[in-house]
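Student: Please take a close look at the salt bridges in this model, and at how accessible their partners are. After that, go on to the helix packing.

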Amino acid sequence: MKTQQNMEIVLAEHPKGVPTENTFKSSAIDMPILKDGEVLLKSLYVSVDPGMRGFMDKGEDDAAGVKFKIGKPITSRTVAQVIESKSGNFKKGTIVHGRLAWQKYQTSSTDALEKVDPSLAPISTAVGLLGIPGLAAYFGIINVGLLKKGETVVVSGAAGAVGSIAVQIAKIKGCKVIGIAGSEAKIAYLENELGIDQGINYQKTEDMESAIKATCPEGVDVFFDNVGGELFDAVLANINRKARLVICGQISEYNSDHPPTGPRPAHQLIKKSARIEGFVAFDFMDEFDFAKKQLAEWYNTGQLKYKENLLEGFEKIPSAFIGLFSGENIGKQMVKVADEMWL
Ligand code: NAP
């Protein structure tokens with residue numbers, strides 16, 4: 001095992017604003033020693049997620065129970081392979097996923113690991129389509145959005161990991177779907193590949209409120225919000241009676257140290273008898289298996305497309321994460337660290 005080079009990436013400093021390469025430090029480390037009951041894992045696919053930004057600030061563990069510490073490895077949802085095992089339940093070769101350290105090789109107890117079912121879809125989807133992003137899209141649209149056939153649905157961050165799945169579920173359910181994203185390439189992807197009704201490039205649109213009114217003259221029934229800020233305000237001005245505002249993410253606020261300002265929604269919610277509701281995918285844990293099977297079925301029958309923005313190489317993980325905040329990804333941002341070992 002000494003011949004295999006191990007590496008890790010730790011938090012070097014708490015970022016101010018958007019994280020930079022200086023936020024992270026990468027170094028060579030020893031191979032870990034496997035203890036009874038544990039497995040030795042090789043990282044294969046590392047997911048980077050905007051919500052991790054909050055774990056990088058100083059302070060106590062947040063609601064998700066995670067806070068990265070200076071000098072300690074960053075963790076994120078990762079697909080890995082068992083390459084040695086001292087656990088009866090996890091044989092050598094098993095593909096697993098869990099919240100793992102940004103290390104090429106690491107030992108882990110098996111409590112925090114879940115086996116990946118490769119019969120459902122490609123193994124990388126365990127942290128994408130069939131992981132938290134896909135599940136957030138599914139439960140946000142269906143359980144929180146309570147959308148009905150024929151309704152008008154607007155999704156912000158529409159070309160990203162969660163948004164690109166949310167727009168397609170809304171189309172599968174027979175809705176009119178408008179996607180908001182930040183480049184012409186993203187709008188073309190949404191309209192031509194994913195089949196949404198119309199995209200709006202917010203980077204090129206001066207008056208978003210009017211743009212939404214023009215694309216949704218009948219009004220907005222469900223808003224699936226990944227972004228917040230001014231985009232939220234623009235959609236809020238166009239909601240219908242009994243609209244549902246589904247708050248999945250607020251990426252436009254994640255790098256700010258000021259509380260958000262803007263129109264307060266309460267009056268508009270009263271006027272429209274509308275509802276606003278935040279959620280996390282884990283609220284629906286009891287239904288995860290059902291939702292994964294449904295997402296996999298839509299994917300395997302060609303009703304739902306899934307795209308990964310895949311960078312290659314362990315050293316690319318920080319830049320993949322930083323790129324989320326400048327909109328570099330179409331689809332799920334992911335880093336491939338190593339090939340699966342065939343036994
Ligand atoms: P993503 O959409 O794949 O990537 C982030 C995208 O956000 C970027 O590509 C960029 O696209 C957009 N963006 C970045 N900064 C922005 C800004 N200041 N204003 C407007 N858009 C900006 O990420 P994701 O993994 O799918 O996550 C999307 C949202 O869902 C995040 O807010 C995340 O925290 C949240 N989330 C929530 C849950 C939950 O359980 N509630 C689970 C997973 C993720 P553009 O080019 O379009 O700007």
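Tutor: Asp 57 has a relative accessible area of 28% and is therefore partly exposed, lying between the limits of 20% and 50%. Its partner Arg 53 is at 2% relative accessibility, so Arg 53 counts as buried, the limit being under 20%. The side chains of these two residues form a salt bridge, with N to O at 2.8 Å. The model is a predicted one, and the structure holds nine salt bridges. As a general point, side chains of opposite charge can pair when their charged atoms come close.

A second pair is Lys 176 with Glu 218, whose side chains meet in a salt bridge at 3.1 Å, N to O. This pair links distant parts of the chain, 42 residues apart: Lys 176 belongs to strand β9 (residues 176-181), whereas Glu 218 sits in the loop between α4 (208-215) and β11 (220-225). Lys 176 is partly exposed, at 26% relative accessibility. Glu 218 is also partly exposed, with a relative accessible area of 37%.

In a third pair, Lys 336 and Asp 339 form a salt bridge in which the closest N and O atoms are 2.6 Å apart. Lys 336 has 16% relative accessibility, so Lys 336 counts as buried. Beyond these pairs, a network of salt bridges links Lys 148, Glu 151 and Arg 244.

Asp 111 is placed in the loop between β6 (105-109) and β7 (114-115). Its relative accessibility is 74%, so Asp 111 counts as exposed, the limit being over 50%. From Asp 111 to Lys 204 the C-alpha to C-alpha distance is 48 Å, and the two residues are 93 residues apart in sequence.

Now the helix packing. Helix α1 (residues 132-144) packs with helix α2 (residues 161-172) at an angle of about 40 degrees, and their axes are 8 Å apart. That angle makes α1 oblique to α2, because roughly parallel would need an angle under 35 degrees and roughly perpendicular 65 to 115. The crossing of α1 past α2 is right-handed. On the α1 side, the contact is made by Pro 133, Gly 134, Ala 136, Ala 137, Tyr 138, Ile 141 and Ile 142. On the α2 side, these meet Ala 161, Val 162, Ile 165, Ala 166, Ile 169 and Ala 170. The residues of this contact between α1 and α2 divide into 12 nonpolar, one polar and no charged.

Methods
Residues are numbered from 1 along each chain as its sequence is written. This is a predicted model: local features need pLDDT of at least 70, side-chain atom pairs count only at pLDDT 80 or more; totals for chains, interfaces and linings use all residues. Side-chain values use heavy atoms; hydrogens and water are left out. A salt bridge is a side-chain nitrogen of Lys or Arg within 4 Å of a carboxyl oxygen of Asp or Glu. Buried means under 20% relative accessible area, exposed over 50%, partly exposed in between (1.4 Å probe, protein chains only). Helices (H or I, at least four residues) and strands (E, at least two) are DSSP runs, numbered from the N terminus. Axes are lines fitted to C-alpha atoms, for helices over the stretch in contact, and angles run from 0 to 180 degrees between N-to-C directions. Angles under 35 degrees count as roughly parallel, over 145 as roughly antiparallel, 65 to 115 as roughly perpendicular and the rest as oblique. A crossing is left-handed if the near helix is turned anticlockwise from the far one by less than a right angle, and right-handed if clockwise. Contact means heavy atoms within 4.5 Å. Ala, Val, Leu, Ile, Met, Phe, Trp, Tyr, Cys and Pro count as nonpolar, Asp, Glu, Lys and Arg as charged, and the others, Gly among them, as polar.
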